[in-house]
Amino acid sequence: TFLQCRALSRIGPIASRSLNSAAAASSFPSCAQTQIHTHQTYQRQHQLYSTSSPSAASSTAQLVKQLRESTGAPMMECKKALSSPEVNNDIQLAQEWLRKHGTLKASSKVAGREALEGLVGIQITELENGKKVASLVKVASETDFASRSEVFSTFVQEVADAAAAAGTDSTASVDDIPNFLSTAKNNDGKLLSESLNDAILAIRENLQVSSISLLQSSSPNSVLAGYVHGRSSPNATCGSFASLVELEGTSDKDKEKAQEAAKKLAMHIVAAKPLYLNPDSVPESVVQKEKEILMEKMQGTNKPPEIMEKIITGQLRKFYEGICLTEQPHMVEEGNPKVSKFMKGLGLEVKAFRLMGMSKS
């Protein structure tokens, strides 16, 4: 009995501590349960007080994408425009913001850079009286990569279209290019100056409309044709070189043949690159300079003056073949006949031509 009482006295405190520990475990949650509870509480509070949501972020991304597609502006510029207080995620206001702020910033960065690449574009429009007017324009860029973009070729075509339209208006002029860009509009009614700014914003290069030329048919019996070499886009008639030419016939008959002859001659012009229409159109100063060069070459030959004159005449004939369209051998027709002789055989006369191309020199 004494030993039983002593054993019970030793076990009692241990049992008491075990019971207290069990009670404590049943009264408080485990560590894992506490972490889960805390995370759930944080999520409820975040959803309650947060100003952003997955749907809002998705909507903003869609707006940025839409603005980039419509303007071609960089992503950060689009984000800045949409988040501007006066814009407040309005696409139309964001486009205006980019024109005011983004274009000025882009233009200031690219101003003064050398623009030696680019494209030449053409457009031929028929008038109500049956005549035609054609435009030939050159737009320069800094890099070939930029000039091959769809944004750039579209702008070049817009300038060519507007220039041809100006050629149909006796009061319009393309001689003053800055004034032309600030008054002429594209087919969507936007000023060309705005289209130029949009292209600069999208491409981030110095873009310049460097030259515009018009050619109008001189009579109802004449035809106009053009050719573009190195065409950059199927949606625009522009490339690295382009030409226009006018042929006049004796009657309105066989215009289809005349049109085909004009197309081939336009191809020849791009290949041969004549400087003048015929010998009569070569400035006297150019002819005199060539004569002086030929005379210097013959110094010391002791040839009689009349012989030297014949030699100079023959050399000038070759000189004209190199620079005058009518005197050149036709590079597209079989046998390479002389252009003026070949056209005369068709009952046609070369009245005028235009040639324009991109040159780094």
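Is K273 buried or exposed? Good morning, colleagues. Before I answer, please note that the structure before you is a predicted model.

K273 is neither buried nor fully exposed: its relative accessibility is 37%, so the residue counts as partly exposed, a class that lies between the 20% and 50% limits. As for its place in the chain, K273 belongs to the loop that joins α10 (255-272) to α11 (284-297). The backbone of K273 deserves a remark as well, since its phi is near 55°, a positive value in a residue other than glycine. The side chain of K273, in turn, lies over the face of F241, at 4.5 Å from the ring centre.

I turn now to R204. This residue is found in the loop between α9 (192-203) and β3 (208-216). Phi of R204 is near 65°, again a positive value in a residue that is not glycine. With a relative accessible area of 26%, R204 is partly exposed.

My last topic is the aromatic rings. How many aromatic pairs does the count give? The count comes to one aromatic pair. That pair is formed by F319 and Y320, whose ring centres are 6.0 Å apart. Why is the pair called tilted? The planes of the two rings stand at 50°, which falls between the limits of 30 degrees for stacked and 60 for edge-to-face, and therefore the pair is tilted. Both partners, F319 and Y320, are buried.

To close, I would recall two loop residues with positive phi, K273 and R204, and the buried residues F319 and Y320. Thank you for your attention.

Conventions
Residues are numbered from 1 along each chain as its sequence is written. This is a predicted model: local features need pLDDT of at least 70, side-chain atom pairs count only at pLDDT 80 or more; totals for chains, interfaces and linings use all residues. Side-chain values use heavy atoms; hydrogens and water are left out. Helices (H or I, at least four residues) and strands (E, at least two) are DSSP runs, numbered from the N terminus. Buried means under 20% relative accessible area, exposed over 50%, partly exposed in between (1.4 Å probe, protein chains only). Rings of Phe, Tyr and Trp (its six-membered ring) pair if their centres lie within 6.5 Å; planes under 30 degrees apart count as stacked, over 60 as edge-to-face and the rest as tilted. A charge sits over a ring if NZ of Lys or CZ of Arg is within 6 Å of the ring centre and within 35 degrees of the ring normal.
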